[in-house]
Amino acid sequence: MKKKKYEKKILIQFCICLIITISVLIMRNSSDSQVLKYYDKLYNIACHNITVSEIRGTAAKAAAILKDTPARVVSTVVQVNKEAQYGVPVDSGSNSEDIQQVHSVAGGKVQYVGKNAEKGLFVVIKHEEAVSTYGFLEDVKVIPDERVQRGEVIGNYNPKCGNDFLYDLTSDM
């Protein structure tokens, strides 16, 4: 069924090319140099003696190249949407010496607020498909089991504290 559909499309495209070529042949007696230039190009193409098997071979190659295109497009769109799903935890435009607000990168539920030597004062948030951790905070604005929205301030980070801001986003398996 699909093979006949493609054959019909190729036949229609061939007929359109033939009509264009005939139009140009009729205009070959024109004195316009632009028309004559295109006439020469089309005449050379038309006289190439392309066979139906060459057309089928070219179409088969094109179909083989294009058959994976829908999957590639979907994969790319999914990847872009996944990357866009999560925001940034710290405003990039703020002065690196000022205290910076820390935002939840996506909506979720605060799982843990704590303090230890590895992460300093930290917050862990469970999102739909991931878990984010924010560490070395100066203060925290959320409590465990609290629901947060994307972009909501969850705490502050002070670059002068001596530790780099800790941010980790891992997929929830």
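**View 1. Phe122 is a buried residue with an aromatic partner.** In this predicted model, Phe122 counts as buried because its relative accessibility is 5%, and buried means under 20%. Its partner is Tyr112, and the two rings form a tilted aromatic pair. Their centres are 5.5 Å apart, with 35° between the planes. Tyr112 belongs to strand β2 (residues 108–116) and Phe122 to strand β3 (residues 120–126), so the pair links distant parts of the chain, 10 residues apart. Is Tyr112 buried or partly exposed? At 47% relative accessibility, Tyr112 counts as partly exposed. The structure holds 3 aromatic pairs, and this is one of them.

**View 2. Thr133 sits in strand β4 and touches Phe122, among other residues.** Strand β4 covers residues 130–135. Thr133 counts as buried, because its relative accessibility is 10%. Which residues does Thr133 touch, not counting those up to four places away in sequence? They are Lys119, Phe122, Val123, Val124, Leu166, Tyr167 and Asp168.

**View 3. Asp168 lies in strand β8 and meets Thr133 from the other side of that contact list.** Strand β8 spans residues 166–171. Leaving aside residues up to four places away in sequence, Asp168 touches Val131, Ser132 and Thr133. Asp168 counts as partly exposed, because its relative accessibility is 37%. You can also look for Pro89 here: the C-alpha atoms of Asp168 and Pro89 are separated by 9.9 Å, while the two residues are 79 apart along the chain.

**View 4. Strands β1, β7 and β5 make an open sheet.** The 3 strands follow the order β1-β7-β5, and their pairing is antiparallel. Why do β1 and β5 each have one side without a neighbour in the sheet? Strands β1 (100–103) and β5 (139–140) stand at the edges, each with a single partner strand, so one side of each is left free of a neighbour in the sheet. Strand β5 is joined to β7 (residues 153–157) by 2 bridges, and the two strands run antiparallel. To find your way along this pairing, look for Asp139, which stands opposite Asn156 in β7.

**View 5. Four residues make a nonpolar surface patch.** Leu11, Phe14, Leu18 and Ile22 together form this patch of about 390 Å². Leu18 is found in helix α1, which runs over residues 2–26. With a relative accessibility of 41%, Leu18 counts as partly exposed.

Key
Residues are numbered from 1 along each chain as its sequence is written. This is a predicted model: local features need pLDDT of at least 70, side-chain atom pairs count only at pLDDT 80 or more; totals for chains, interfaces and linings use all residues. Side-chain values use heavy atoms; hydrogens and water are left out. Helices (H or I, at least four residues) and strands (E, at least two) are DSSP runs, numbered from the N terminus. Buried means under 20% relative accessible area, exposed over 50%, partly exposed in between (1.4 Å probe, protein chains only). Contact means heavy atoms within 4.5 Å. Patches are made of residues with over 30% relative accessible area and no salt bridge: like charges are joined within 9 Å, nonpolar side chains (Val, Leu, Ile, Met, Phe, Trp, Tyr) within 5 Å. Accessible areas come from the Shrake-Rupley method with a 1.4 Å probe; for residues, only the protein chains shown count as cover. A salt bridge is a side-chain nitrogen of Lys or Arg within 4 Å of a carboxyl oxygen of Asp or Glu. Two strands pair if DSSP finds at least two bridges between them. Rings of Phe, Tyr and Trp (its six-membered ring) pair if their centres lie within 6.5 Å; planes under 30 degrees apart count as stacked, over 60 as edge-to-face and the rest as tilted.
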